[in-house]
Each structure stands twice: as structure tokens, then as C-alpha cells.
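Here is a walk through one chain, taken from its sheet outwards. Have the structure open and turn it as you read.

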Amino acid sequence: MGREVSESCIDNLLMEMVSTYCNRFYANKPELAARRIEAIGYQVGHQLSERYTMERPRFTDHLEAIKFICKDFWSELFKKQIDNLKTNHRGTFVLQDNHFRWLTRMSIDQSPENGASGEPSIIADDKAVESMHLYFPCGIIRGALSNLGIPCAVSADISNLPACSFVVRIKA
């Protein structure tokens with residue numbers, strides 16, 4: 001039986017890590033905070049993929065490795081598979097999670113009766129905070145694929161909380 005950690009513990013760790021890097025260590029340099037958070041995710045993803053593929057044969061192509069990330073790897077991390085995988089068959093893959101667990105607590109009701117302001121600057125600030133929380137999972141995906149021999153760049157897009165798309169671009 002493998003070792004497990006409470007989901008709430010991981011959620012709180014992620015929130016504190018993002019808060020500490022953005023507000024304390026790199027308060028005036030959000031791009032450095034983002035880079036560091038992504039680097040931590042990269043190390044985590046690299047080590048987890050090593051653990052999860054230890055007794056598997058190496059993957060023969062990119063699509064096979066991406067499918068592993070979408071099914072087995074994501075299931076180990078989030079107890080569910082990626083909801084949708086799209087590709088252009090030229091090295092770009094979009095992994096869609098319609099209920100990304102790490103964003104569920106950020107699903108804020110923006111209706112006026114809940115006291116939420118519709119001002120663009122506040123909404124932009126919310127988007128910036130949400131995007132900071134996505135550097136860690138982007139790093140996890142990049143680290144896992146790197147360990148599988150696939151150099152890539154990973155970005156994330158929040159369309160409608162808590163849905164999230166991760167765009168993986170394979171480097172040639």
C-alpha cells in the first residue's frame with residue numbers, strides 16, 4: 001500500500017506556497033515567483049513520474065506518454081482522469097480538466113448580491129491570483145514529461161472556474 005497525504009493538506013500547502021512566493025519572497029517580481037513555483041512543480045512531477053513508471057516499459061511515442069499523463073498519472077494525483085485530450089498531431093496537446101481540484105476553492109460567485117464587484121481591475125487581480133496557482137501543476141506536467149524523455153513547454157488557461165486547460169507544446 002502506497003503512502004498517501006490528505007487532500008486538504010496538499011491544498012493548503014499549495015495555497016501557502018503561492019502566497020509566500022508572491023507576497024513575501026518575490027512581492028515585487030511576480031515573474032520570478034512564477035518561475036520558482038513552476039520549478040518546484042517540475043521537481044515534483046519528475047520524481048512522481050519516476051515512481052509511477054518504475055515497472056513500466058518506456059513509451060514509444062509522444063501520444064502514448066501524454067495518454068499516460070492523462071489517465072494513470074492524473075488518476076494518481078487527483079483520483080480522476082483528464083476529461084478531454086485534444087491534439088493537432090504536430091506536437092501540441094490540450095489536456096482539459098473540467099473540475100480541477102486545486103481551483104475549486106477559487107470558484108467565487110461574482111453575482112452582485114454576494115457583494116462582488118464587477119470592476120475590471122478586481123477581476124484582473126483574481127485572474128492573476130488564479131494563474132499563479134497554475135504554475136505548480138504546469139511544472140508537474142512538464143517535469144513528468146521531461147522524465148519520460150519529452151522536452152516540452154506547458155501553459156494553462158482558465159476558461160470557467162474550476163475548469164482548466166493545460167497546453168503542452170513538444171519541443172523539437
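Let's start at the sheet: strand β3 (residues 152–157) is joined to β4 by six bridges, and the two run antiparallel. Keep in mind that this is a predicted model. If you want a spot to click on, A156 stands opposite F166 in β4. Between β3 and β4 there are six residues, and the two strands form a hairpin.

On to the other neighbour of β4. Strand β2 (residues 92–97) pairs with β4 in the antiparallel sense too, again over six bridges. Here Q96 is a handy marker, with S165 as its bridge partner in β4.

Put together, the strands make an open sheet of four, in the order β1-β2-β4-β3, with antiparallel pairing. At the edges sit β1 (84–87) and β3, each of which pairs on one side only. On average, neighbouring strands of this sheet are turned by 20° against each other, direction ignored.

How many of the seven residues of strand β4 are buried? Six of them are, so β4 (residues 164–170) is largely enclosed by the rest of the structure.

Two helices lie across this sheet, and β4 is among the strands that each of them covers. Here they are side by side:

| Helix | Residues | Lies across | Angle |
|---|---|---|---|
| α3 | 62–78 | β1, β2 and β4 | about 15° to β2 |
| α5 | 135–147 | β3 and β4 | about 155° to β3 |

Now for the cysteines. How many disulfides does a search of the whole structure find? It comes up with zero. Take C138: the closest cysteine sulfur, in C164, is 7.0 Å from its own, which is too far for a bond, because a disulfide needs the two sulfur atoms within 2.5 Å. Seen from the other end, C164 is in no disulfide either, and its nearest cysteine sulfur is that of C138. Are these two cysteines buried or exposed? C138 is buried, with a relative accessible area of 4%, and C164 is buried as well, at 0%.

Next, the helix pair at the start of the chain. Packed helices are described by the angle and the distance between their axes. For helix α1 (residues 7–25) and helix α2 (residues 30–52), the axes come within 9 Å and cross at roughly 150°. The crossing of α1 and α2 is right-handed. On the α1 side, the contact is made by M17, V18, Y21 and C22; α2 brings A33, R36, I37 and I40. What kinds of residues make up this contact of α1 with α2? Seven are nonpolar, none is polar and one is charged.

Finally, step back to the whole chain. It has five helices and four strands, and from the N terminus on the elements run α-α-α-β-β-α-α-β-β. Of the 172 residues in the chain, 38% are buried. How much of the contact count comes from residues 24 or more positions apart? Among contacts with a separation of 6 or more, such residues account for 61%.

To recap the picture: β4 pairs with β3 over six bridges and with β2 over six bridges, α3 and α5 lie across the sheet strands listed above, and α1 and α2 cross at roughly 150°.

Technical notes
Residues are numbered from 1 along each chain as its sequence is written. This is a predicted model: local features need pLDDT of at least 70, side-chain atom pairs count only at pLDDT 80 or more; totals for chains, interfaces and linings use all residues. Side-chain values use heavy atoms; hydrogens and water are left out. Buried means under 20% relative accessible area, exposed over 50%, partly exposed in between (1.4 Å probe, protein chains only). Axes are lines fitted to C-alpha atoms, for helices over the stretch in contact, and angles run from 0 to 180 degrees between N-to-C directions. A crossing is left-handed if the near helix is turned anticlockwise from the far one by less than a right angle, and right-handed if clockwise. Contact means heavy atoms within 4.5 Å. Ala, Val, Leu, Ile, Met, Phe, Trp, Tyr, Cys and Pro count as nonpolar, Asp, Glu, Lys and Arg as charged, and the others, Gly among them, as polar. Two strands pair if DSSP finds at least two bridges between them.
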